[in-house]
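Q: Can we go through this complex together? I'd like to start with confidence and then move on to the contacts.

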Amino acid sequence: MTSLPLVGFLALSGALLAVGVFGILTRRNFILLLIAIEIAMNATILNFVYFGAFSPSPAVTLMGQSIAVVLIGFAATEVAVGLAIVLALNRVRRSINVAEANELRL
Amino acid sequence: MNWEELAFLALAVVALVTGVGALLVRELVHTILWIAVFFVDLSAIYFLLAAPFLGVLQLGVYAGAVTVLLLFGIMVTRKRIFSREAATGIGAVPLALAAVTFIFFVSMVGEFPQGNLPVSGIDPTLLSEGLFGAFGPWLLLLGLVMLGAVAGAIYLVREGRE
């Protein structure tokens, strides 16, 4: 049976979340911003899978993996809406720099 | 150190390097290449954690669909696809906040069991039974959110909107 260190996995997802936070705070390009959000989101999804996989109870494993499936769907939806916003912003402003999108209307 | 730990270490290093690389390279197309490797790497981690269904889902949804969507976004928003981004400074405050996030998480790691733990997987049949049984309402909710997202996205990109 495979055995792996839970602590190492937790540190990995903490580091990935930190990378995502860093990207969200520094990047000004909308697409890079979406990518940073995806990195942070993936760190979260990984956590659900870890706690499911390292739990001896099959019910918890099932719950962790089910939540991960649903979250992957939500993350993909978020990218689709984000790109629609990118296209609309690009058509109106000729730029996808989020610093220039300073009005609530497009 | 057994081969699974070595595999985990290699995958973790690749995930961190590609994640940071995707955010730091100047050409957006290169960013997409880095992030595609990142997604494939995460799917390998799912396989390592005995979750093959999630691994395949990650490959299909992220490495496939999301990567192509992002590439499409770059294609339609710029005239020359290989043009470089203007350099944005790294900044002390974002770096400090990211460091605080990481330290916060690592400081909580001590509360969890140290050392190696056995990994238990689940049969994909059981997972699908759970998804359409106990987690059915969540899946339905996901479907409704996706429907709303499709409607919203079409409204946003519609031509001739004032």
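The chat below goes through confidence, chain B, the interface and the core.

Q: What ipTM and pTM does the predictor give the complex?
A: This is a predicted model, and the predictor gives the complex an ipTM of 0.92 and a pTM of 0.90.

Q: And what is the mean pLDDT of chain B?
A: The mean is 87, and 93% of the residues in chain B reach 70 or more.

Q: Which elements of chain B have the lowest and the highest mean pLDDT?
A: Strand β1(B), residues 116-118, has the lowest at 83, while α2(B) has the highest at 93.

Q: Okay, the fold. What pattern does chain B follow along the sequence?
A: The order is α-α-α-α-β-α-α. That is six helices and one strand.

Q: What radius of gyration does chain B have, set against a compact globule of 162 residues?
A: Chain B has 20 Å, whereas a compact globule of that length would be near 15 Å. The C-alpha trace of chain B spans about 55 × 45 × 25 Å along its principal axes. Buried residues make up 25% of the chain.

Q: Switching to the interface. How many residues of each chain are in contact?
A: 62 residues of chain A are in contact with 69 residues of chain B.

Q: Which elements of chain A supply that side?
A: β1(A), α1(A), α2(A) and α3(A) each supply at least two residues. The largest share, 23 residues, comes from α3(A).

Q: What is that side of chain A like by class?
A: It has 45 nonpolar, 14 polar and three charged residues.

Q: How do β1(A) and β1(B) run, parallel or antiparallel?
A: Antiparallel, with three bridges joining β1(A) to β1(B). Within this pairing, S3(A) stands opposite P118(B).

Q: Now the core. How many residues are in the largest nonpolar core?
A: The largest nonpolar core has 66 residues. Helices α1, α2 and α3 of chain A, together with α1, α2, α3 and α4 of chain B, each supply at least two of its residues. α2(A) gives the most to this core, with 17 residues.

Q: Which residues have the most contacts inside it?
A: I31(A), I35(A), V49(A), Y50(A) and L49(B).

Q: What does V49(A) touch?
A: Leaving out residues up to four places away in sequence, V49(A) touches G64(A), Q65(A) and A68(A) in chain A, and Y46(B), L49(B), A51(B) and L54(B) in chain B.

Terms used:
Residues are numbered from 1 along each chain as its sequence is written. Chains are lettered from A and ligands numbered from 1 in the order in which they are written. This is a predicted model: local features need pLDDT of at least 70, side-chain atom pairs count only at pLDDT 80 or more; totals for chains, interfaces and linings use all residues. A nonpolar core is a set of buried Ala, Val, Leu, Ile, Met, Phe, Trp, Tyr and Cys residues joined through C-beta atoms within 7 Å. A residue is buried if 20 or more other C-beta atoms lie within 10 Å of its own, exposed if 12 or fewer, and partly exposed in between; C-beta atoms are placed from the backbone. Helices (H or I, at least four residues) and strands (E, at least two) are DSSP runs, numbered from the N terminus. Two residues are in contact if their C-beta atoms, placed from the backbone, lie within 7 Å. The radius of gyration is taken over C-alpha atoms; the globule rule is 2.2 Å times the number of residues to the power 0.38. pLDDT is the predictor's confidence in each residue, from 0 to 100. Ala, Val, Leu, Ile, Met, Phe, Trp, Tyr, Cys and Pro count as nonpolar, Asp, Glu, Lys and Arg as charged, and the others, Gly among them, as polar. Two strands pair if DSSP finds at least two bridges between them.
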